[in-house]
Amino acid sequence: MPYLVPDRSARTQGARLRSRLAADTLLVMPGAHDGLAALQARRAGFEALYLSGAAMTASMGIPDLGMITLDEVAFFTRTLVRAADLPVLVDIDTGFGEALNVMHAVRTLEDAGAAAVQIEDQVLPKKCGHLNDKRLADPRDAAAKIAAAARARRDLVIVARTDAAASEGIDGALARARLYVEAGADAIFPEALTSAEMLAAFAAAMPDVPLLANMTEFGRTPALTAAELEAMGYRMAIWPVSSLRMAAKAQGRLYAALAAEGTTRGLVPEMLTRAELYDLIDLPAYEALDAAIVATVLPDDDR
């Protein structure tokens, strides 16, 4: 059904995500960098999506240094939710400012359809969690932002990310995580843990709190399978930039071939066909809806 016809009986995306997190099984949340990727992820059977700040900024041609604005994040959020109608966890970096800014971001993104937001404990200019020289906020200041987010949300799930493992060790990261849960976080995202042993130890130390693992490629955290993370006790796992990396690599091959050969004929077998594209975006359903509403009306005196 096209998104133009709402399901007025549907629960909020936040309520849908909370219901799914109540299950004991791991929720795999692949990154989706645009609406088409969201549709492909849904077709593959995924139940929820992750909207990465790194993927958003890279798709705009800029680095992930906290430059993206709330309005831009809201646009990406609406695009994914509208396309796939799946719960989306949205990366909001450090919250676009202080407590009131965080509350405004929560209200804006929940209105845009977000099921959850992820807020981290760095200070600006923030960095990708797998780079060096990250600067952390005072834990009490970070907790105040979490508390502000909790006060502003309706059903939104709040995921608190801590980047403390690199500079404060696992004990420091755990201390921050516990503080953030007390402040109102629903789940914890321990970023850039550097071994399977660290991942397991973190999960063992917080058995009653939903934890998120980041399986980004080319990072500091080892690549584990969904089954391995579930066995450790993790409740969510993200592959945040994978879709963008694959798409960008394919686009690079396309442009290089076109520049060198003056044609795309050699790459046609790798392309989504017109029929496949129309099927993915459900063009027939939109056409049928349009035909059902925009019908020809004859004048009364036309006999």
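Let's start with strands β4 and β5. Strand β4, residues 116–120, is joined to β5 by five bridges, and the two run parallel. If you want a place to put your finger, take V117, which stands opposite I158 in β5. I should say right away that we are looking at a predicted model.

Now follow the chain onward. From β5 it crosses through helix α7, residues 165–183, to β6, and this β-α-β crossover is right-handed. Strand β6 covers residues 187–190, and it pairs with β5 in the parallel sense over four bridges. Here the residue to find is A187 in β6, the bridge partner of V159.

So what about β5 itself: buried or exposed? Six of the six residues of this strand, 157–162, are buried, so β5 is largely enclosed by the rest of the structure. Look at the side chains as well. V157, V159 and R161 point one way, while I158, A160 and T162 point the other way, and all are buried. Yes, that list of buried residues includes R161.

That brings us to the nonpolar cores. As a bit of background, nonpolar side chains tend to be buried together in soluble globular proteins. In our model, which residues of the largest nonpolar core touch the most other members? They are L109, I188, F202 and Y234, out of 58 residues in that core. The helix that gives the most to this core is α4, residues 70–84, with seven residues.

Let's zoom in on L109 for a moment. Setting aside its neighbours within four places in sequence, L109 is in contact with L70, V73, A74 and T77, and also with V90, I92, A114 and V117. You may remember V117 from the start, as the residue opposite I158.

There is also a second, separate core, this one of 16 residues. Among its members are L89, A116, V159 and F189. We have met V159 already, as the partner of A187.

Last stop, please turn to another part of the model. Here we find an open sheet of three strands, in the order β1-β8-β7, with parallel pairing. Which strands are at the edges? Those are β1, residues 27–30, and β7, residues 212–214, and each pairs on one side only. From one strand to the next, the twist averages 20°. Strand β8, residues 236–239, pairs with β7 in the parallel sense over three bridges. To find that pairing on screen, look for L212, which stands opposite M236 in β8.

That's my tour, thanks for listening!

Key
Residues numbered from 1 in each chain as written. Predicted model: local features only at pLDDT ≥ 70, side-chain atom pairs only at ≥ 80, totals over all residues. Heavy atoms only, no water. Buried < 20%, exposed > 50% of the residue type's maximum accessible area, 1.4 Å probe, protein only. Pairing = 2+ DSSP bridges. Right-handed = clockwise from strand over helix to strand, strands pointing away. Core = buried A, V, L, I, M, F, W, Y, C linked by side-chain atoms within 4.5 Å. Contact = heavy atoms within 4.5 Å. Axes fitted to C-alpha atoms, helices over the stretch in contact; angles between N-to-C directions.
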